[in-house]
Amino acid sequence: MPVATPAPAPLDSPSETQAAAAIVEAFLEASMVPDPVKAATYIADDLVITFTGGRKFSHPRESAAFNAGRYKWVKKRMLRTDVVPGAGETICYNLGHLYGEWPDGTPFEGNRYIDRFVVRSGKIVQMDVWNDSAERLLTKNGIVA
């Protein structure tokens with residue numbers, strides 16, 4: 001006798017994917033101020049943030065403190081947010097360029113980034129961050145690798 005396979009969970013509706021993209025963009029806007037208190041209104045209690053180099057954070061105030069040491073200031077020029085509906089969650093990819101100043105005051109722009117988010121039940125549960133900052137610093141210091 002064949003074993004019944006449960007039906008897959010339904011994919012997010014278009015309104016859920018649009019809402020997830022809006023949540024991600026609002027979170028990023030608050031993070032750029034930086035306003036970690038406002039940014040925290042968009043996250044789940046068990047949020048996991050993984051920055052470049054595998055650095056782990058659980059709250060926007062931690063990533064804001066990290067960025068305060070890495071940059072004199074930094075902002076994102078968001079180009080787009082791509083959404084991928086899933087079963088019970090939406091994956092959002094926010095792509096763009098970083099601009100700002102290094103700690104020594106040297107300006108930079110055009111530093112590519114991609115942030116990947118998992119949104120469940122209207123809250124961000126995971127954020128993964130990648131950018132070209134390391135490559136930029138190698139070049140700035142005359143290191144060809």
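Strands are DSSP runs of E, at least two residues long, numbered from the N terminus. In this predicted model, T81 lies in strand β3. Burial is set at under 20% relative accessible area. T81 has a relative accessibility of 18%, and therefore counts as buried.

The side chain of T81 takes part in polar contacts with two named partners. One joins T81 to the side chain of E25, at 2.6 Å. Another links T81 to the side chain of N94, at 2.8 Å. Beyond neighbours within four places in sequence, the contacts of T81 are A21, E25, C92, Y93 and N94. E25 and N94 thus appear both in this contact set and as polar partners of the T81 side chain.

Strand β3 also enters the description of the largest pocket. This pocket has a volume of about 470 Å³. Its lining comprises 28 residues. Nearest the pocket centre lie S31, M32, S63, N67 and V74. Two or more lining residues come from each of α1 (14–32), α3 (60–70), β3 (73–85), β5 (107–120) and β6 (123–131). Helix α3 gives the largest share, six residues.

The lining was also sorted by residue class. Nonpolar residues number 17. Charged residues number six, and polar residues five. The element that holds T81, β3, is thus among those giving two or more residues to the lining of the largest pocket.

Notes: Residues numbered from 1 in each chain as written. Predicted model: local features only at pLDDT ≥ 70, side-chain atom pairs only at ≥ 80, totals over all residues. Heavy atoms only, no water. 1 Å grid on protein atoms, 1.4 Å probe; cavity = no way out; pocket = protein on both sides within 12 Å on 5 of 7 lines; lining within 4 Å. Points joined across faces, edges and corners; volume = space filled by probe spheres on them. Helix = DSSP H or I, 4+ residues; strand = E, 2+ residues; numbered from the N terminus. Nonpolar A, V, L, I, M, F, W, Y, C, P; charged D, E, K, R; others polar. Buried < 20%, exposed > 50% of the residue type's maximum accessible area, 1.4 Å probe, protein only. Polar contact = N/O pair within 3.5 Å; in protein donor to acceptor, adjacent residues only side chain to side chain. Contact = heavy atoms within 4.5 Å.
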